[in-house]
Amino acid sequence: MPEVVLEQISKTYQGARGVRHQALTGIDFTVPSGEFAALLGPSGCGKSTTLRIVAGLERADGGDLRIGGRSVTRVPAAERGLAMVFQNYALFPHLSVAENILFGLRSRRVPRAERNARLAEAARQLRLTEQLDRRPAQLSGGQRQRVALGRALVSGAELVLMDEPLSNLDARLRADMRTELRELQQRLGLTVLYVTHDQVEAMTMADRVIVMREGGIDQIAAPEELYARPASVRVASFIGSPPMNLLDVRRDGTWLVLDGAEGDGDRVRIEAAGLLKGLPDELPEELVLGVRPEDLVPGPGELTLPAVRIRDELLGADRLIAFRVGTRTVQVRVRADEHRPGGDRLGARHTACHLFDRRTGARLDARRLVGATG
Ligand SMILES: Nc1ncnc2c1ncn2[C@@H]1O[C@H](COP(=O)(O)OP(=O)(O)OP(=O)(O)O)[C@@H](O)[C@H]1O
Ligand SMILES: [Mg+2]
C-alpha cells in the first residue's frame, strides 16, 4: 500500500480583481502505508484543497508530493493510482448500481470476467448484492454512499481519498458508516486520507489526525494523544464535547488568580504549588488553565476551584453540571446515577490539568503534565 508524503506544499488562489488568497502554507505530513489519516479543521481551513492536490485535481505552487515513494507533482490524476470519494456521491441517475460501480473500469478496458469478479466482491463487502440492478433513486442515502465506495473499491486503488463522504447522511447512519468504513479500510489494508470537520469522525476512525487551521497545521497526533495532550488552546477547544473548560489565569507566586471582571476583593485564587512544580522557570505570567468536564469532580481535589452550582442537564448516561467559578461558567460531567452534593468546590487531579501560554496559545509542558489523562 502506498505511503503519502507532503513536504512544504503551498497553494495560492487567484481571486477576483487580482486579489491573491494563500490557501495553504508549508503543509508537511505523512500518511504511512495502510494508515487512516483524517484532515480535521473548520470550514475554509484548506482541507479540500490539500486533498485535491494529493488527487491531482489541483496543482500546488510549491513543495513536493510523493505517493508510494514516487514524486507525483507532475503526474496527472489518472496515473496516481488512487480513488476518490466525494460528499455528493456523483452517481449517474440513469445507470444501475452495477453500472455505477463499474463506471471507471469500463474506460480502463479491464477484461469482462475480471470486472464481474471485482463487482461481485465489492457488492458482497458493501452489502449491495441485492441492489445491483436498481437505480440510485431507488436507494437509501447510506446505500448510495456505499455505491460510491464500491466504485473506489473495484478500481483496485490502494490509496483512497475521501472528502466529507458521510456528511449527507443522518446521524444514525453516519455512526454505522463510520464503523463500516473503518472495518473495510483495515480489512483491505487501504491507505486512506479522509477530510472532515467533524471531530467525532476523525477521533473514531483515524489512526492519526491532522488538525488544520487557516492553511496550516496545528497538530498531528493519534486521537488518544490529541485528546490527552492538545498542543494548543485552539486544539484543546476543538477536540472533545463539551469542550475543555479553559480559564484565563495569572500567576502570582505559587497561586493562580482567575482573570475576570470582578473587583480585587473577590478575586478567585487557586493554590497551585503542586501544579506549577516542575514547569520551566521562565513560565509566562498569563496562562490558560484547561480541565476537561469529565476530569472535574464536585468537592476538593489536588487542585481546588471555588465553585457555585448553577444548573444540571441530563444527557442519558451522563449528567452535565454547570458551575460558576468567579465570573466564568465551568462544565462538569458526571455519571447520571451519581448523586453528589452541590458543594462549593470543584477538584481536579494535577495530571488532568492542562496549562497553556496565553499569548501564544502553546501548551506548556512539565514532566508532571505528561500523559494528562494518566
Ligand atoms: N478555486 C478556488 N478559487 C479561489 N479560492 C478558493 C478556491 N478553492 C478554495 N478556495 C479558498 O481556499 C480556502 C480553503 O478552501 P477549502 O475548500 O480547501 O476549505 P475546506 O477546509 O475544505 O472547507 P470546508 O470544510 O468548508 O469544505 C478557502 O478560503 C476558500 O475560499
Ligand atoms: Mg472542503
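Two strands are taken to pair if DSSP finds at least two bridges between them, and it is in this sense that Pro306 has Arg345 in strand E20 as its bridge partner. The model described here is a predicted one, and the pairing of Pro306 with Arg345 belongs to a set of four bridges that join strand E16 to strand E20 (residues 345-348), the two running antiparallel. These strands form part of an open sheet of three strands, in which the order is E15-E20-E16 and the pairing is antiparallel. Strand E15 (297-298) and strand E16 (303-306) are the edge strands of this sheet, each of them pairing on one side only.

A second open sheet contains five strands in the order E13-E12-E11-E14-E21, again with antiparallel pairing. Its edges are formed by strand E13 (269-271) and strand E21, each of which pairs on one side only. On average, and with direction ignored, neighbouring strands of this sheet are turned by 35° against each other. In general, the strands of a sheet pair through backbone hydrogen bonds, either parallel or antiparallel.

Within the five-stranded sheet, strand E14 (residues 286-291) is mostly covered, since five of its six residues are buried. Strand E14 is joined to strand E11 (residues 245-252) by six bridges, and the two strands run antiparallel; here Leu247 has Leu289 of E14 as its bridge partner. Five bridges join E14 to strand E21 (residues 353-357), also in an antiparallel arrangement, and Leu287 stands opposite Asp357 in E21.

Strands E14 and E11 also contribute side chains to a salt bridge, for Glu286 and Arg250 meet at 3.1 Å, N to O. This pair links distant parts of the chain, with Glu286 in strand E14 and Arg250 in strand E11, 36 residues apart. Glu286 counts as partly exposed because its relative accessible area is 32%, and Arg250 is likewise partly exposed, at 33%. Both residues belong to a network of salt bridges in which Asp248, Arg250, Asp259, Glu286 and Arg358 are linked.

The count of salt bridges comes to 25. Among them is the contact between the side chains of Asp218 and Arg213, at 2.8 Å from N to O. Asp218 is buried, because its relative accessible area is 18% and the limit for a buried residue is under 20%, whereas Arg213, at 27%, counts as partly exposed. A further salt bridge brings together the side chains of Asp312 and Arg309, at 3.1 Å; Asp312 is partly exposed with a relative accessible area of 37%, and Arg309 is partly exposed at 28%.

Note on methods: Residues are numbered from 1 along each chain as its sequence is written. Chains are lettered from A and ligands numbered from 1 in the order in which they are written. This is a predicted model: local features need pLDDT of at least 70, side-chain atom pairs count only at pLDDT 80 or more; totals for chains, interfaces and linings use all residues. Side-chain values use heavy atoms; hydrogens and water are left out. Buried means under 20% relative accessible area, exposed over 50%, partly exposed in between (1.4 Å probe, protein chains only). Axes are lines fitted to C-alpha atoms, for helices over the stretch in contact, and angles run from 0 to 180 degrees between N-to-C directions. A salt bridge is a side-chain nitrogen of Lys or Arg within 4 Å of a carboxyl oxygen of Asp or Glu.
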